[in-house]
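Please show me around this protein, one selection at a time. I have the viewer open and would like to know what to click next and what I will find there.

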Amino acid sequence: MLALVITILRALFLILLYLFIFRLTTSMIEQIRNIDRSSGSLQYPENHPPVNHLPGQRHLITDGDGAILKVVTSGDDFIKIGEVFLLGDETRLGRGPGNHIIFSGHYASQEHTRIVYKQGQYWLEDLDSLNHTFLNDVPIDKQTVLANGDLIRIGDVIFHFVRWAYEMESDK
């Protein structure tokens, strides 16, 4: 009799375990579908994370004054030379999925750096990354004001900071 009860309890435990795994899987699939539906019309390859990219932004960027980061050089699989990224009140850069500009290389931290628009200026701040953020080839260790034409380097990627539209036409 005891053996029968133990067998029934084992069977119930396995059934509950399989139901839990099934429910978890369906929930994850539904979340992935919701993310795909809300991502807008911009289509990326399967292995490419969402980025704040012009045109057809996938992350909502608000305010700022229209400044951009233009990729000058890149050794990153996800960031291509010539790409342009719009800056908002706060733009985060790093490997983590919550960032506006996402890197694929291990040289970038999960939350590597951020650019904040405050007091009418853009400020670059390294978020205690291991490999540092470089502004015009100088590592920064505190919030630093960005000037039009500055070069920001994170690993193999160099961005050209453009604050005014006429600068986009230069060869820099």
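Select phenylalanine 134 and arginine 153: arginine 153, in strand 10, is the bridge partner of phenylalanine 134. Keep in mind that you are looking at a predicted model. Now show the side chains of this pair. The charged end of arginine 153 sits over the ring of phenylalanine 134, 4.0 Å from the ring centre.

Next, colour the two strands around them. Strand 7 covers residues 134-135 and strand 10 covers residues 151-154; they pair in the antiparallel sense over two bridges. In general, strands of a sheet pair through backbone hydrogen bonds, either parallel or antiparallel.

Which order do the strands take in the open sheet? Step across it and you will read 2-1-11-10-7-8, six strands with antiparallel pairing. The edges are strand 2 (84-86) and strand 8 (138-139), each of which pairs on one side only.

**Two loop stops**

Leave strand 7 towards strand 8 and pick aspartate 137, which lies in the loop between them. Its phi is positive, about 65 degrees, although aspartate 137 is not a glycine. Is aspartate 137 buried or exposed? Its relative accessibility is 60%, so aspartate 137 counts as exposed.

Now go to the loop between strand 6 and strand 7 and select histidine 132. Here too is a residue that is not a glycine but has a positive phi of about 65 degrees. With 38% relative accessibility, histidine 132 counts as partly exposed.

**Into the core**

Time to look inside. In soluble globular proteins, nonpolar side chains tend to be buried together. The largest nonpolar core in this model has 22 residues, and Leu69, Phe103, Ile115 and Phe159 touch the most other members. Strand 1 (68-73), strand 6, strand 10 and strand 11 each supply at least two residues of this core. Strand 11 gives the most, with three residues.

Click phenylalanine 159 and display its surroundings. Leaving aside residues up to four places away in sequence, phenylalanine 159 touches a long list of residues, including Leu69, Val71, Ile79, Leu93, Ile101, Asp150 and Ile152. Phe85 and Phe103 are also among its contacts.

**Following the rings**

Show Phe85, Phe103, Tyr107 and Phe159 together: these four form one aromatic cluster. How many aromatic pairs does the model have? The count is five. Zoom in on one of them, phenylalanine 103 and tyrosine 107, whose ring centres are 6.2 Å apart; their planes stand at 80 degrees, so the pair is edge-to-face. Phenylalanine 103 has 2% relative accessibility and therefore counts as buried. Tyrosine 107, at 17%, counts as buried because the cut-off is under 20%.

For another pair, select tyrosine 122 and phenylalanine 161. Their ring centres lie 5.6 Å apart with planes at 65 degrees; angles over 60 count as edge-to-face, so this pair is edge-to-face. The pair links distant parts of the chain: tyrosine 122 is in strand 6 (residues 121-126) and phenylalanine 161 is in strand 11 (residues 157-162), 39 residues apart. Both tyrosine 122 and phenylalanine 161 are buried.

**Last stop**

Finish with lysine 118 and tryptophan 123. Lysine 118 lies over the face of tryptophan 123, at 5.3 Å from the ring centre. You can set this view beside the opening one, where the charged end of arginine 153 sits over the ring of phenylalanine 134.

Methods:
Residues are numbered from 1 along each chain as its sequence is written. This is a predicted model: local features need pLDDT of at least 70, side-chain atom pairs count only at pLDDT 80 or more; totals for chains, interfaces and linings use all residues. Side-chain values use heavy atoms; hydrogens and water are left out. Rings of Phe, Tyr and Trp (its six-membered ring) pair if their centres lie within 6.5 Å; planes under 30 degrees apart count as stacked, over 60 as edge-to-face and the rest as tilted. Buried means under 20% relative accessible area, exposed over 50%, partly exposed in between (1.4 Å probe, protein chains only). Helices (H or I, at least four residues) and strands (E, at least two) are DSSP runs, numbered from the N terminus. A charge sits over a ring if NZ of Lys or CZ of Arg is within 6 Å of the ring centre and within 35 degrees of the ring normal. Two strands pair if DSSP finds at least two bridges between them. A nonpolar core is a set of buried Ala, Val, Leu, Ile, Met, Phe, Trp, Tyr and Cys residues joined through side-chain atoms within 4.5 Å. Contact means heavy atoms within 4.5 Å.
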